[in-house]
Amino acid sequence: MSLKSKLREKKPNFGTWITIAHPEVVEIASTVQFDWLMFDMEHSPLDIQTLEIMLPGLNGSEIAPLARVPWNDFVTIKRVLDLGFDGILVPWVNSKEEAKRVVEACQYPPVGIRGTGPRRCIRYGAKDILEYYNKFEKERLVIAIQVETQKALDNLTEILSVEGIDVAFIGPNDLSASLGIFRQFNHPKFTEALKKVVKACEETGKVAGIMTSGSEDAKKRLEEGFKFIALAHDFSNLRRAFLNELNSVKS
């Protein structure tokens, strides 16, 4: 089942952030039953060229490759999708107009403005370009936007009314910083913001997503109604594993 289908059925799905620019990290993650991996172009060294080198690490896997692009830029979005990614996450989307620009960048004319020059996404011509053109947006394309400001919260219903948006995603650090309560995740202002996002997603038929610090945090967020769950990052999971093993043997 594609990630798009899981989202439509409102099934919980799990992934992790990829920030380390090496294909073995992706290949190792592909041996775990994640639903998706998010390649982070905003806060890590990953760029278009490294993405193309890393993506084959998912060959033979049913894990959906997604990318967080650095900005709401149709050129970057076009190039990422041409590589064969199943979807994107766009930061700092604060209005309905900005959400519309995201969707337009992801979709081919006459609906959107994505340039029609597919490359790796059609396996260099091994797949029928017409079939890709006609089916990708309906069957595989996942579009997520990040809710990380008070302005985004104020405009959330309008933002999520945009057809084509699938996921409203919260980065707790970004949102709490914008609200003036950085990393105060039990602050009433922050918990109310989470409730607002979940409620707005339920009312508009979208999926609420969030970054978590690990499994215990993820369980809590699932209970709150989040369905698109990031289980931390490659680097934090790696450090946690090292630290737990070292502390265990030392004790």
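Which residues does glutamine 107 touch, not counting residues up to four places away in sequence? I looked this up in what is a predicted model. The list for glutamine 107 reads Gly112, Ile113, Arg114, Glu137 and Leu141. I placed glutamine 107 in the loop between H5 and helix H6, the latter spanning 129-139. Its relative accessibility came out at 13%, so I entered glutamine 107 as buried, the cut-off being under 20%.

Overall build. I noted 12 helices and 8 strands in the protein. The radius of gyration is 18 Å, close to the 18 Å that the globule rule gives for 251 residues, so I put the protein down as being as compact as a globular protein of that length. Along the principal axes, the C-alpha atoms fill a box of roughly 55 × 45 × 30 Å. Of the 251 residues, 50% are buried. I also looked up the accessible surface: the protein exposes about 12500 Å², and carbon and sulfur atoms supply 52% of that area. For contacts between residues at least 6 apart in sequence, I recorded that 61% join residues at least 24 apart.

The sheet. I traced a closed barrel of 8 strands in the order E1-E2-E3-E4-E5-E6-E7-E8, and its pairing is parallel. From one strand to the next, the twist averages 25°. I then took one pair by itself: strand E7 (residues 207-212) and strand E8 (residues 228-233) run parallel and are joined by 4 bridges. In this pair I found glycine 209 opposite phenylalanine 228 of E8.

Helix H5. I asked myself which strands helix H5 lies across. Helix H5 covers residues 96-106, and the strands are E4 (87-90) and E5 (142-146). Relative to E5, the helix runs at about 150°.

Methionine 211. This residue is in strand E7. With a relative accessibility of 12%, methionine 211 falls under the 20% limit and therefore counts as buried. Leaving out residues up to four places away in sequence, I listed its contacts as Trp17, Phe169, Ile170, Pro172, Asp217, Ala230, Ala232 and His233. I also checked a distance: the C-alpha atoms of methionine 211 and lysine 199 are 18 Å apart, with the two positions 12 residues apart along the chain.

Asparagine 186. Is asparagine 186 buried or exposed? I have it as exposed, because its relative accessible area of 64% is over 50%. Asparagine 186 sits in the loop between helix H9 (172-178) and helix H10 (188-204). Once neighbours within four places in sequence are left aside, I find asparagine 186 in contact with Thr191 and Lys220. Its C-alpha atom is separated by 37 Å from that of leucine 55, and the two residues are 131 residues apart along the chain.

Cysteines. How many disulfides does the structure hold? I counted 0. Cysteine 121 is in no disulfide, and the nearest cysteine sulfur, that of cysteine 106, is 13 Å away. I have cysteine 121 as buried, at 6% relative accessibility. Cysteine 201 is likewise in no disulfide; for this residue the nearest cysteine sulfur is again that of cysteine 106, 17 Å away. The relative accessible area of cysteine 201 is 2%, so I entered this residue as buried.

Methods. Residues are numbered from 1 along each chain as its sequence is written. This is a predicted model: local features need pLDDT of at least 70, side-chain atom pairs count only at pLDDT 80 or more; totals for chains, interfaces and linings use all residues. Side-chain values use heavy atoms; hydrogens and water are left out. Two strands pair if DSSP finds at least two bridges between them. Helices (H or I, at least four residues) and strands (E, at least two) are DSSP runs, numbered from the N terminus. Axes are lines fitted to C-alpha atoms, for helices over the stretch in contact, and angles run from 0 to 180 degrees between N-to-C directions. Contact means heavy atoms within 4.5 Å. A disulfide is a pair of cysteine sulfur atoms within 2.5 Å. Buried means under 20% relative accessible area, exposed over 50%, partly exposed in between (1.4 Å probe, protein chains only). The radius of gyration is taken over C-alpha atoms; the globule rule is 2.2 Å times the number of residues to the power 0.38. Accessible areas come from the Shrake-Rupley method with a 1.4 Å probe; for residues, only the protein chains shown count as cover.
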